[in-house]
Amino acid sequence: GAALALMVEVMAACLTGGTLSATANSVFDGDGPAPDLGQTLIAIDPDRLSGGAYAGGIASLTAAYAADGARLPGARRLAARAAARDEGLWIDPVLLSRIEEIAG
């Protein structure tokens, strides 16, 4: 985790001349000046880079991890989406009434 955080800080602050996160003002309130955050965007075409082997490699890798019982990123979200599709969603009747009232 620390190595990834350091990499993000280098890419987002050091590389762009933005303020380091430890000294930046909060983005969640209006106290002080703007935080002067930097951003670096990198676009990678994984299929082109891997010669078309990306999808197969990812499928093999995730299958190996899943076989060991690891929870993969997005697995909970995808399971919740499938359950909502198959079983529907439960919404508190008071909340639903309020939403319908606002919607008119």
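**Exercise 1. Decide whether T23 is buried or exposed in this predicted model, and say where T23 is found.**

Solution. Begin with the cut-off, which is that a residue counts as exposed when its relative accessible area is over 50%. The relative accessibility of T23 is 58%, and therefore T23 counts as exposed. Next, place the residue along the chain: T23 belongs to the loop between α1 (2-14) and α2 (46-49). As a last step, look at P35, which is 12 residues away from T23 along the chain, and note that the C-alpha atoms of T23 and P35 are separated by 8.6 Å.

**Exercise 2. Work out whether the distance between the end C-alpha atoms of α4 agrees with the expected span of this helix, and find which residue follows α4.**

Solution. The expected span is 1.5 Å times one less than the number of residues. With its 13 residues, α4 should span 18 Å, and because its end C-alpha atoms are 18 Å apart, the two values agree. The residue that follows α4 is G88, and the phi of G88 is positive, near 80 degrees. Further on, L89 is found in the loop between α4 (75-87) and α5.

**Exercise 3. Find how many salt bridges there are, and describe the residues that form them.**

Solution. Side chains of opposite charge can pair when their charged atoms come close. The rule asks for a side-chain nitrogen of Lys or Arg within 4 Å of a carboxyl oxygen of Asp or Glu, and by this rule the count is two.

- Take R85 and D86, whose closest N and O atoms are 3.2 Å apart, as a salt bridge. R85 counts as exposed at 61% relative accessibility, and D86 likewise counts as exposed, at 57%.
- Then take R98 and E101, which form a salt bridge with their closest N and O atoms 2.7 Å apart. Both residues lie in helix α5 (residues 93-103), where they are three residues apart, about one turn of the helix. R98 is partly exposed, with a relative accessible area of 43%, whereas E101 counts as exposed at 55% relative accessibility.

**Exercise 4. Identify which residues make the nonpolar surface patch, and decide whether L89 is buried or exposed.**

Solution. The patch is made by L89, I91, L95, L96 and I99, and its area is about 470 Å². To join such a patch, a residue needs over 30% relative accessible area. For L89 the relative accessible area is 72%, so this residue is exposed.

Terms used. Residues are numbered from 1 along each chain as its sequence is written. This is a predicted model: local features need pLDDT of at least 70, side-chain atom pairs count only at pLDDT 80 or more; totals for chains, interfaces and linings use all residues. Side-chain values use heavy atoms; hydrogens and water are left out. Buried means under 20% relative accessible area, exposed over 50%, partly exposed in between (1.4 Å probe, protein chains only). Helices (H or I, at least four residues) and strands (E, at least two) are DSSP runs, numbered from the N terminus. Patches are made of residues with over 30% relative accessible area and no salt bridge: like charges are joined within 9 Å, nonpolar side chains (Val, Leu, Ile, Met, Phe, Trp, Tyr) within 5 Å. Accessible areas come from the Shrake-Rupley method with a 1.4 Å probe; for residues, only the protein chains shown count as cover.
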